[in-house]
Amino acid sequence: IVLEVISPDLNRRRDRYKDRAIVQAMGTSWFTLLEFIPEDYNTIMLHDLITLSKEERNQVQTIIGRIGYDDLTRVAELQVETIIDLILDKQEMRFVSWLNKASPISLRLHSLHLLKGVGPKSLAMILEERKLVPFTSFEEFEERTKVKDIRELIKQRILEEVLNETEKHRLFTRPHPKERNRSEEHTSELQSH
């Protein structure tokens, strides 16, 4: 989903993509931030859904690659929460399914604890309720568990993961490639000592 369309005259890059229109977008599956060169930037608007599959990539000339939150323009930053809201609205069942299947991360930490507002009592109630009958909507989840505004709690967790490239536990996003490389370097350093 399009976060920003940067026209060629506003492009401040100094690499091979200078003087080109660039689109900053967020993926609908893993909330991945990326940039691409459009075929025609005049036909792309904020919040447009752009298909990146090779078979249907008619609006995309070149995918530049993944970017971090710090690489977004101010306009794109202002769109992030709105886009997450759009995705949560369109994919509610995906997130309800996650609530039904969320599992422990370690002996001491359950993935549901990573949602601010879900403490030990709430966790016990969620686990008990979902054992009886799986949840079918955010509304039903809230009624049965007494957890307030689960949609907002999920949104805040997604935002936290998008904003923080060094986030240790990821529920809804994938690590940025730079962060993955850093952790691989750290692991190889540890192995060599």
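This short talk covers the aromatic pairs, helix 1 and the largest pocket of the structure shown above.

Good morning, colleagues. Please keep in mind that this is a predicted model.

I begin with the aromatic rings. A pair of aromatic rings is described by the distance of the centres and the angle of the planes. Searching the whole structure gives four aromatic pairs. In one of them, phenylalanine 31 and phenylalanine 95 have ring centres 6.4 Å apart and planes at 40 degrees, so this pair is tilted. Phenylalanine 31 sits in the loop between strand 2 (22-26) and strand 3 (33-38), while phenylalanine 95 belongs to helix 2 (residues 92-101), so the pair ties together parts that are 64 residues apart in sequence. With a relative accessible area of 3%, phenylalanine 31 is buried; phenylalanine 95 is buried as well, at 1%.

A further pair is made by phenylalanine 135 and phenylalanine 141: the centres are 4.7 Å apart and the planes stand at 70 degrees, an edge-to-face arrangement. Phenylalanine 135 is counted as buried at 2% relative accessibility, and phenylalanine 141 is buried with a relative accessible area of 0%.

Ring pairs also build a cluster, whose members are Phe31, Phe95, Trp98 and Phe172.

I turn now to helix 1. How does the span of helix 1 agree with 1.5 Å a residue? For the 17 residues of helix 1 (residues 74-90), the expected span is 24 Å, and the C-alpha atoms at the ends lie 25 Å apart, which agrees. Helix 1 nevertheless has a kink of about 35 degrees, centred on valine 80.

Valine 80 is itself buried, and the buried residues of helix 1 also include Ala76, Gln79, Ile83, Ile84, Ile87 and Leu88. An α-helix has 3.6 residues a turn, so residues three or four places apart point the same way. That spacing may be kept in mind when viewing the helix. Which elements cover the buried residues of helix 1? Among them are strand 1 (2-6), strand 2, helix 2, helix 4 (138-145) and helix 5 (150-163).

Finally, the largest pocket. The space within the largest pocket is about 170 Å³. Its lining consists of Ile1, Ala25, Met26, Gly27, Thr28, Leu34, Phe36, Leu49, Ile50, Thr51 and Leu52. Strand 2 and strand 3 each contribute at least two residues to the lining of this pocket.

To close, strand 2 appears in two of these topics: strand 2 helps to cover the buried residues of helix 1, and strand 2 supplies lining residues of the largest pocket. Thank you for your attention.

Conventions: Residues are numbered from 1 along each chain as its sequence is written. This is a predicted model: local features need pLDDT of at least 70, side-chain atom pairs count only at pLDDT 80 or more; totals for chains, interfaces and linings use all residues. Side-chain values use heavy atoms; hydrogens and water are left out. Rings of Phe, Tyr and Trp (its six-membered ring) pair if their centres lie within 6.5 Å; planes under 30 degrees apart count as stacked, over 60 as edge-to-face and the rest as tilted. Helices (H or I, at least four residues) and strands (E, at least two) are DSSP runs, numbered from the N terminus. Buried means under 20% relative accessible area, exposed over 50%, partly exposed in between (1.4 Å probe, protein chains only). The expected span of a helix is 1.5 Å times one less than its number of residues. The bend at a residue is the angle between axes fitted to the seven residues ending there and the seven starting there. Contact means heavy atoms within 4.5 Å. On a 1 Å grid over the protein atoms alone, a cavity is a set of points where a 1.4 Å probe fits but cannot get out, and a pocket is an open set with protein on both sides within 12 Å along at least five of seven lines; lining residues have an atom within 4 Å of a point. Grid points are joined across faces, edges and corners, and a volume is the space filled by probe spheres set on the points.
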